[in-house]
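Please open the structure in your viewer and keep the selection panel at hand. The tour below proposes what to select at each stop and states what is found there.

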Number of protein chains: 2
Amino acid sequence: MSLVDQKQEQILEAALKRFSHFGIAKTTMTEIADDLSTSKASLYYYFPDKTALVLCVAESILSDFINEQQQVLENSEDFKQGLKDLCVIRVGFGYKYFMMHIGDGQSDINTSDPKFRSLIDGLKQKELEFVSQYIKRFVESGWVKKLDVQETAQAIIDVLVGIWIAEIHVHNKSLFPCERLFDGIKVKSERVISIFCDGLKRS
Amino acid sequence: MSLVDQKQEQILEAALKRFSHFGIAKTTMTEIADDLSTSKASLYYYFPDKTALVLCVAESILSDFINEQQQVLENSEDFKQGLKDLCVIRVGFGYKYFMMHIGDGQSDINTSDPKFRSLIDGLKQKELEFVSQYIKRFVESGWVKKLDVQETAQAIIDVLVGIWIAEIHVHNKSLFPCERLFDGIKVKSERVISIFCDGLKRS
DNA sequence: ATTTGACTAATTAATTTAAAAAGTCAGAAA
DNA sequence: TTTCTGACTTTTTAAATTAATTAGTCAAAT
């Protein structure tokens with residue numbers, strides 16, 4: 001890893017700390033520079049602007065998010081349990097990075113930025129693919145009945161995203177994430193996934 | 001019906017028209033009065049304040065909403081079809097009264113108003129009850145397997161609300177409701193309900 | 001090649017001012 | 001007596017102005 005890359009890594013790390021604690025909007029470039037005992041101008045030597053920095057951090061978090069989910073599904077031999085584990089990972093990430101408001105609407109990120117959009121779209125694509133793949137595996141093993149795997153995968157994702165957003169929305173009075181909120185999301189998601197899986201089982 | 005009641009009805013009707021077209025915030029008491037060729041002060045003879053008027057309108061809409069859903073379920077002999085019809089009714093109301101933003105977050109209504117809260121809570125209670133009742137009927141008929149009906153009813157509602165809010169959220173760039181958005185909600189809801197029902201079927 | 005202090009430009013926040021809407025009331029009309 | 005209204009006050013909301021902060025630049029230094 002080159003020296004430039006190392007420095008970039010340090011900056012990303014420092015930015016991530018601030019972003020995940022205070023949110024993107026409440027983090028200034030000067031603060032990140034100060035944390036690294038360097039100057040703001042120096043940051044601009046490594047990143048063209050704040051948006052690029054934010055995008056790098058978001059990309060790092062989100063690809064971890066997606067990869068962990070993929071791994072959990074790939075290593076699961078129990079269809080229902082695999083999807084429940086998926087819920088746990090999703091909630092864990094949501095709790096950890098809540099302040100960044102990546103997923104929900106009140107985002108600090110400019111969600112219409114084409115670079116951000118294409119990042120999100122790519123990850124959604126990948127997510128749809130590995131959930132489809134997961135279902136396909138269990139269709140082939142005979143546990144799940146024959147169906148349109150992609151459509152079904154999309155339905156599962158829709159449900160999880162839906163419960164997620166609805167729950168955050170309803171308990172929105174509290175600006176900060178509380179464990180109770182995320183526990184609620186976990187419980188509801190797992191409950192729905194359970195029924196859902198029964199509906200996919202070969203009868 | 002007394003003369004006072006009649007006048008109140010007229011006011012509610014006029015208010016509903018404006019509210020559902022322009023939203024609550026963009027409707028003034030003077031405009032409602034003008035529509036009825038009367039004076040603003042006159043409105044205040046029949047309603048103590050704007051909030052009371054809004055609450056009356058909301059109550060009228062929402063109880064219709066709930067009652068139509070209840071009727072559809074009560075008259076359904078096909079478990080899955082009944083729930084799909086429920087989706088259709090929900091989407092229809094959403095489309096009709098979208099501008100009032102009753103359900104979603106960006107509400108023109110002060111959602112923390114205790115009177116509004118108790119109205120909502122009461123209706124949610126009722127909704128949970130008749131969905132539970134619906135499931136119970138099909139458990140007893142043997143079509144649905146034995147399960148905690150209330151928990152299951154809540155899961156169905158969570159899913160429908162979730163898809164609803166998530167979809168509005170994602171396509172939020174368009175300030176106004178478009179048919180495509182609500183078609184999307186309908187399709188996704190029905191798709192999920194279908195799988196869900198299979199999961200509840202006695203095997 | 002990398003860093004920096006001192007700079008400008010663009011955003012955001014705070015303050016003030018003006019406009020609009022909510023809400024009141026004494027007295028008129030039915 | 002019940003219902004209605006114009007003229008009024010109070011409260012909210014919107015627009016305009018100003019001040020402060022932050023993003024982003026650059027010539028000079030390391």
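Select the surface near DNA strand D in this predicted model. In chain A, α2 (29–35), α3 and α4 (50–74) each supply at least two residues of this surface, and so do α1 (3–22) and α3 of chain B. Within the 17 residues around DNA strand D, those that come nearest are T28(A), A41(A), D49(A), K50(A) and A41(B). Colour the surface near DNA strand D by class: 7 residues are nonpolar, 6 are polar and 4 are charged.

Next, select the surroundings of DNA strand C, where 16 residues are found. The nearest of these are A41(A), T28(B), A41(B), D49(B) and K50(B). Here α1 (3–22) and α3 (40–46) of chain A, along with α2 (29–35) and α3 (40–46) of chain B, each contribute at least two residues to the surface. Coloured by class, the surface near DNA strand C shows 7 nonpolar, 5 polar and 4 charged residues.

Now display chain A and chain B together. How many degrees of rotation superpose chain A on chain B? The rotation is 180°, with 0.0 Å of shift along its axis, and the RMSD is 0.0 Å. The two copies are therefore related as by a two-fold rotation axis. To locate this axis from chain A, select G199(A): its C-alpha is the one in chain A nearest the axis, at 1.5 Å. Finally, select the contact residues of chain A; 100% of them recur in chain B, and the same surface thus serves both copies.

Definitions and conventions
Residues numbered from 1 in each chain as written. Chains lettered and ligands numbered in written order. Predicted model: local features only at pLDDT ≥ 70, side-chain atom pairs only at ≥ 80, totals over all residues. Least-squares fit on C-alpha atoms with pLDDT ≥ 70 in both. Contact = placed C-beta atoms within 7 Å. Near = placed C-beta within 6 Å. Helix = DSSP H or I, 4+ residues; strand = E, 2+ residues; numbered from the N terminus. Nonpolar A, V, L, I, M, F, W, Y, C, P; charged D, E, K, R; others polar.
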